[in-house]
Amino acid sequence: MDVLDHIMLGFGVAMSLQNLAYCFLGVLLGTLIGVLPGVGPLVTISMLLPITFGLPPVASVIMLAGIYYGAQYGGSTTAILVNLPGETSSAVTCLDGYQMARQGRAGAALAIAALSSFVAGCIGTILIVALGVPLASWALRFGAEDYFALMLLGLVAASVLTHGDLVKALAMVVLGLLIGLVGTDVNSGVERYTFGLPELADGIGFTVLAVGIFAVSEVVTNLEQKETREVFTKSIGGLMPSWSDIKTAFLPTLRGTAIGSFFGILPGTGPSISSFSAYMVEKKLARDPSRFGRGAIEGVAAPEAANNAAAQTAFIPMLTLGIPGTATMALILGALVMNGIQPGPSVMARSPELFWGVVASMFIGNAMLVALNLPLVGIWVKLLTIPYRWLFPAIILFCALGNYSLNNSAIDVYLCAAVGILGYVFSKLKCPPAPLILGYVLGPMMEENIRRALLLSEGDLSIFWKSPISAILLVISALLLVSMILPAIRAKKEQAYAEG
Amino acid sequence: MKPTRILAAAVLAALLAGPSLAQDYPTKPIRLVVPFPPGGGTDVVSRVIAQKLGETTGWTIVVDNKPGSGGSVGLSLAGKAPADGYTLVMAQNANLVINPILGKANYDPVKDFAPIGLAASAPQVLVVAKDSPIKTVEDLLAAAKAKGGKLTFASPGIGTSSHLAGELLQQIAQVKFRHVPYKGASQALPDLMGGRIDVYVSSVPSVSVQIKEGVLRPVALFATKRDAEFPDVPTFEEKGIKNSDAATWWGLAAPAGTPAEVIARLNTELNRVLKLPDTQARLRSAGAEATGSSAEAFAALVKSDVPKWTAVIKAADIKVAD
């Protein structure tokens with residue numbers, strides 16, 4: 001009853017003409033910047049922050065929040081169309097989304113991405129309303145050892161990402177780990193693999209790596225082929241997904257939402273881990289995992305749901321505890337404070353109009369995003385009919401612009417080009433790029449947390465099984481490992497018997 | 001050309017350029033290098049000042065974010081820029097003074113820069129979780145002694161000014177903490193609130209929300225005087241821990257060799273905008289206090305900070321470069 005009253009209050013606030021307008025402005029901006037690689041919500045929000053001084057607090061937070069979750073919608077667009085991840089969280093969408101586009105199913109992929117994002121966004125918002133406070137205090141129980149165990153599980157599961165040679169996939173994971181080590185080590189402060197270049201002291205950026213390995217290398221590969229890519233222009237089938245597409249995508253969307261919601265609450269895990277996890281779970285559960293990486297619709301629905309759910313639930317620790325999980329959240333927190341609003345356990349009691357107004361605006365914003373993105377599908381798909389010789393300079397231009405805008409540094413652009421060439425070599429060698437990205441994302445966090453856990457426990461390893469969360473995650477990792485190794489051993493044995 | 005002619009030409013050029021430089025400056029947009037990404041404390045301080053300078057003088061000031069390596073990238077770039085007054089940098093003690101000591105920068109804080117004036121400062125604070133038994137500085141020191149060097153002290157990273165403030169405290173108060181470095185506040189705060197670490201040192205702005213909300217409790221400030229926002233929080237100085245000032249300061253600097261007239265002009269304008277109530281209010285909302293100073297005072301601060309932090313870093317045995 002109480003909750004219902006609050007939600008009514010929230011919608012009352014969010015439905016005012018002014019707030020609707022700012023919500024729309026936010027999600028529109030979010031979609032646009034989501035499309036551009038490198039230019040993410042972080043830069044946009046920091047640029048818009050000074051403007052929000054003149055706005056009423058509720059309107060400004062509604063707009064900034066709209067930019068944040070709106071970017072998750074836009075990020076998938078270029079990932080699907082031209083293999084260019086517009087946001088860090090949409091790198092995973094490249095894997096199957098782009099393959100769908102190559103098969104002439106770009107419309108279906110874009111629509112499913114928008115719809116699963118919508119479902120996930122709404123469920124994530126419901127979670128903020130219903131379970132915000134208990135979930136936030138639950139997230140506080142995650143210590144360094146638990147983060148380590150979680151990352152280890154992710155890395156063990158990475159082998160799922162491969163189709164084909166397991167050794168190559170493992171090699172790519174290790175290479176990703178090594179690339180992730182470039183930069184200043186958190187625990188010792190020592191710079192590693194920077195060759196004395198101050199520009200490398202903060203490591204190689206995710207955008208540099210993902211854009212290089214997906215978008216730039218795809219351009220190089222395409223230029224190698226003499227004939228233009230007719231597959232794209234020939235058979236762009238129905239724009240909307242078929243009924244069977246929606247049925248196939250339904251459960252993956254829900255599972256992706258659950259996974260994304262989980263990671264969104266944990267401060268500091270970052271947006272790409274949730275979409276990777278959702279993708280790996282779907283591939284593991286699939287009856288025919290070989291479809292993944294070749295245009296499986298679940299491979300678009302699950303990660304897109306996950307990154308949107310995570311974007312939504314990331315508001316939970318920020319609103320209820322004042323803990324910003326990401327740099328962008330820190331900015332929104334700053335915006336709240338500058339507008340005289342104090343986030344924390346009592347925010348719902350102290351400023352109910354703000355809290356419930358913003359939450360209600362998230363439902364409205366998500367609905368606006370679907371209304372905005374579904375009609376855009378037709379326009380986006382038309383882009384693919386542009387001859388490739390005109391399209392690819394534009395893709396490269398966007399890659400360069402996006403990478404330059406990260407740090408206003410030309411080095412990032414050169415690095416991205418180098419990674420693009422490397423990606424081309426990998427595709428020639430049939431080395432899958434996804435395990436590399438996953439190793440890059442998980443490796444540094446794993447190292448940071450295992451060393452912190454041991455620093456806090458004074459080198460006592462028992463910390464990893466004394467914590468129930470860590471113990472359970474480690475057992476799951478072990479089981480997963482055994483389940484992968486056993487069939488391989490059995491197959492070897494049978495082979496040995498057959499030969500003997 | 002004969003040497004005398006060169007000399008004559010140089011004198012003539014100096015006569016022509018000298019007065020015109022001071023009078024006409026600036027004749028083109030001024031670039032203000034901000035060595036951090038948009039949105040952070042340094043960015044806010046820089047943009048507020050750049051905007052106010054622009055509004056009141058009619059100058060065009062372009063803020064150029066050049067982040068990387070804890071500010072070293074931007075400072076190094078600005079230090080090498082032409083010393084004509086058209087490239088300025090918003091330096092901070094962490095990047096101007098501390099990074100070179102840590103071997104993380106290739107510039108000399110005294111020789112490579114011409115100080116213009118101090119802009120703002122923000123104190124640092126030691127905080128604990130709300131249910132921590134540590135309530136006062138005395139409690140803190142007693143707990144550190146009782147735990148025999150096992151009291152865990154978290155910072156936003158190795159070599160950050162917060163880390164060094166914690167080291168300074170240990171050295172002056174003759175206690176030993178166990179340092180646990182984090183990458184910013186996003187994971188350090190949950191660990192502090194979850195009781196996995198004992199104390200956290202941070203700049204005030206990044207924990208003021210949590211302090212006001214009551215989830216974190218401030219113990220004492222690393223500052224020479226109390227903070228207007230938290231008048232009840234004592235300083236370590238008051239509690240008998242002398243010379244424990246570790247405030248973060250921001251100062252406007254130019255490449256070394258920038259004409260003295262230009263520096264003087266910039267100093268006048270900087271101090272003028274820092275006195276405007278609107279500037280002060282906007283800096284305060286970002287957690288910083290407008291300070292302002294003469295170029296000489298800024299230079300003196302840099303000169304005294306270098307040996308101070310060199311000693312702290314040496315005593316704490318912090319080595320980040322091989």
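So, how many cavities of 30 Å³ or more does a search of the whole structure find? The search turns up four. Keep in mind, everyone, that we're looking at a predicted model here.

Okay, let's start with the largest cavity. Its volume comes out at about 80 Å³. If you want to find it on screen, pick out the residues that line it. There's A:Tyr73, A:Ser76 and A:Thr77, then A:Leu110, A:Ala113, A:Ala114 and A:Ser117, and finally A:Asn373, A:Val377 and A:Trp380.

Which helices do those come from? In chain A, helix H4, running 57-82, helix H6, 106-139, and helix H17, 352-383, each give at least two residues to the lining of the largest cavity. H6(A) makes the largest contribution there, with four residues.

And what sort of side chains are we talking about? The lining of this largest cavity is a mix: six nonpolar residues and four polar ones, with no charged residues.

Right, on to the second largest cavity. This one holds about 40 Å³ of space. Around it you'll see A:Val61, A:Phe315, A:Met318, A:Leu319, A:Leu336, A:Leu354, A:Phe355 and A:Val358. Two helices of chain A, H14 at 315-321 and H17, each supply at least two of these lining residues. You've met H17 already, in the lining of the largest cavity.

By class, the second lining has eight nonpolar residues, no polar ones and no charged ones. Put that beside the largest cavity, where four polar residues sit in the lining.

That's my tour of these two cavities, thanks.

Definitions and conventions: Residues are numbered from 1 along each chain as its sequence is written. Chains are lettered from A and ligands numbered from 1 in the order in which they are written. This is a predicted model: local features need pLDDT of at least 70, side-chain atom pairs count only at pLDDT 80 or more; totals for chains, interfaces and linings use all residues. Side-chain values use heavy atoms; hydrogens and water are left out. On a 1 Å grid over the protein atoms alone, a cavity is a set of points where a 1.4 Å probe fits but cannot get out, and a pocket is an open set with protein on both sides within 12 Å along at least five of seven lines; lining residues have an atom within 4 Å of a point. Grid points are joined across faces, edges and corners, and a volume is the space filled by probe spheres set on the points. Ala, Val, Leu, Ile, Met, Phe, Trp, Tyr, Cys and Pro count as nonpolar, Asp, Glu, Lys and Arg as charged, and the others, Gly among them, as polar.
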